[in-house]
Amino acid sequence: MNVAVILCGRPAPPAAAIGPGVTIVPDLCAHPGDIAEAAGGADRLVLGMCAGEYSLGRIQAEARRHGIDALGVELIQLEDAGADPGRLAVLVAAGVARARAFTGSDPGHAKVAFPREVSRRNLVGALRPEYRSAPRIAADLCAAGAGCRACVGACPRHAYRWAGGRVEFDRAACEPCGVCVTTCPAGAITNPAMTPAQLEAQLWALLDPRTAPGEARGIAYLCARGDRAVSASGWYPVRVPCTAMVTATWLLAPLLLGAGSVALLPCAASGCPLGLDDISLATLDFAGELVRGLGVAGRLATAPGEPVPEPWTPVPVDDPFGPVGGAAVLAGLTTAAAATLPTLDHERSPVGVVAIDPSACTLCGACAAACPTGALELTIEDVAAELSFGAARCTGCGQCVPRCPELRAGAIGLHRRVDAGALATGRTSVLRGPVVRCASCGGPVASGPLLDLLRDRLGPQHRATFGAISSRCTSCRRLPASQEPAARSTSRAAIPPE
Amino acid sequence: MARLRQGLYRFCAGALLPPSPARVAALRAAAQLIDEQDVDAFAFAPAWRGLRATLETLPHAEALAAEHVRLFQATSGRALCPPVESFYLGSARHAAAATSAMSVEAAYRRHGLRFAPGQAYLADEAAPQLELLAHLCGVEAAARERGDAAAAARTAAEQLAFLDGHLARWFPIFAAGVRAATKHGFYRALVELADAFVGHDRELAAGLAAERLPA
């Protein structure tokens, strides 16, 4: 993949940043048309420019004109580098890493926006829209068919709508903040300009010890909508569509990749343009409690500029920015800090604990069918059903709770909780019970406790109905006897929902 | 921008009509005029380039006409993807067709348009709906050219209302049907463009309708 790096020549970038393949265009902000010559057949574009000095719409148009995906153009704010050539080189490397990790967009990702400064001239004459990258749902990964509607509840703009087994997305209503991306427990919602893979690539580049050796580095997440720069020595910016999308996992994971310190900078002073300050502040609150509990409070800074402590040796973590990366990151932090994980109850906890009341649960399997991450599983072997829970896969999304038909009886509860014991235990059996098998095909009919409950509710006057329901599975109940399937051996099959 | 949108709506309307050598020539001429405007400023530019490529290498009009009948001609009763609103919206087809056609015709009348005598369109077909939007973009462009931003914003609001009430509701379903029915060629490229453009224009019209000039 050919990535063109073009830096504005005003002010002249330091010589150390001008590596092979980097082009300097004088006064690029005022003459984006000059991108064409410098880009010369590139697949991706990284531009270093001054914030607020350029028209994003014009840059995107230039990219399109030369066959480059406009939503994949990486912009480096030159103010972040200051006069330090080493910083600019690190920022360029991170921009290139992000550009390489960009996998492309389609027209459905391009959300129309208008320039912030609208003048009479551009409204009447050459008004050109600019585009933000909007999320899309991958239908093959989406768990809406199982009842998940995490995005519907999370979107502050109500852009997602539950439509009976699927979720509809209204791009016009979306103000791309990314909250849905990091909320989706199935990893089905992606924004091509801010994927976990891009973030990880960017962080590895920002924290690469080969650039500026010996420098302890801090990572500061901040909103891409503002013009705020991060130029404090040792601190590097990661701009996101909105800081509300940054989960505690995203915030703290850079500590495992070689960052000495991390910070999250909500738009608190000016106010979040989307009104999502509360989410960012809650994330900070949780992260603060966690690092204090681990005895490493100094790793979470309140602002760039604070001294950056020496980083830990990087800890390998599988998919730290993925939807179920929370448990692995917590485990990594515990190892790196050589501390014991504290037990914390918090709304922004990246992991959860599902509590099942064995006296009320009927082993119907509705919670396991709804669980988008596989934290809850129902397995059936021979004549026994078992509900198990793996805390490491639970994101606390809460989709299991409303699906429970015995919710009023208190069969299920969710705690958004960091529970060291549950995470350390691994998958555990929650409840085990008998399964009644179909008299015709041998498949599972339902669990014993569920049929007991059904018998009690139907009462003695419906004994015949209960007999029909409890002796055959739903498929065989619908078929005339002559068309019943041959008896089959099933194991580990889910109980069909009644 | 409004002139470009007017041209694109008109182009898409014409391209969905039954093809003839004269119509194909007219489409090529219209495409050249659109090329002279800044299409690259818009996210649907790659789809436009895709359509331009197929337009240059079109088979003769008879082959295109056969594909048009196969895909679109609802009157045959066996069309794969009739470009008609009432086919896609509503479960009671006949009632939906009548309601939809009346509603669309009312919108045409409200904007001073009516079908020419002897026309062969259904009232809620794609081509006249696209033509109406082309007309409204023309009105908006004229308002902008005389510096009347308030009138331009009002017209953008009318575009938005028509898109929300009609074209943008069913066109994506129609486009998905065409994509499934034809894997390549002119009509595939046409719906790729038109679907991207209509979705884009709905958002754009919403933005333009809400625009206020600085004092």
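## Exercises on a two-chain model

A:Ala385 stands opposite A:Gly433 in strand 20 of chain A. This is a predicted model, where local features need pLDDT of at least 70, side-chain atom pairs count only at pLDDT 80 or more, and totals for chains, interfaces and linings use all residues. Residues are numbered from 1 along each chain as its sequence is written, and chains are lettered from A and ligands numbered from 1 in the order in which they are written.

**Exercise 1.** Work out which strands stand at the edges of the open sheet in chain A.

*Step 1.* Start with one pair: strand 17 (residues 384-389) and strand 20 (residues 428-437) of chain A run antiparallel and are joined by six bridges. Strands here are DSSP runs (E, at least two residues), numbered from the N terminus, and two of them pair if DSSP finds at least two bridges between them.

*Step 2.* Now write down the order: the four strands go 16-17-20-21, with antiparallel pairing.

*Step 3.* Read off the ends. Strand 16 (376-381) and strand 21 (444-447) of chain A each have a single partner strand, so one side of each has no neighbour in the sheet. The twist from one strand to the next averages 30 degrees.

**Exercise 2.** Decide whether A:Gly443 is buried or exposed.

*Step 1.* Place the residue: A:Gly443 sits in the loop between strand 20 and strand 21 of chain A.

*Step 2.* Recall the cut-offs: buried takes 20 or more other C-beta atoms within 10 Å of the residue's own, exposed 12 or fewer, and partly exposed lies in between, with C-beta atoms placed from the backbone.

*Step 3.* A:Gly443 has 22 C-beta neighbours inside 10 Å, so it counts as buried.

**Exercise 3.** Classify the packing of helix 1 and helix 9 of chain B.

*Step 1.* Get the geometry: helix 1 (residues 2-15) and helix 9 (residues 186-210) of chain B pack at about 140 degrees, axes 11 Å apart. Helices are DSSP runs too (H or I, at least four residues); axes are lines fitted to C-alpha atoms over the stretch in contact, and angles run from 0 to 180 degrees between N-to-C directions.

*Step 2.* That makes helix 1 of chain B oblique to helix 9 of chain B, given that under 35 degrees is roughly parallel, over 145 roughly antiparallel, 65 to 115 roughly perpendicular and the rest oblique.

*Step 3.* For context, chain B has nine helices and zero strands.
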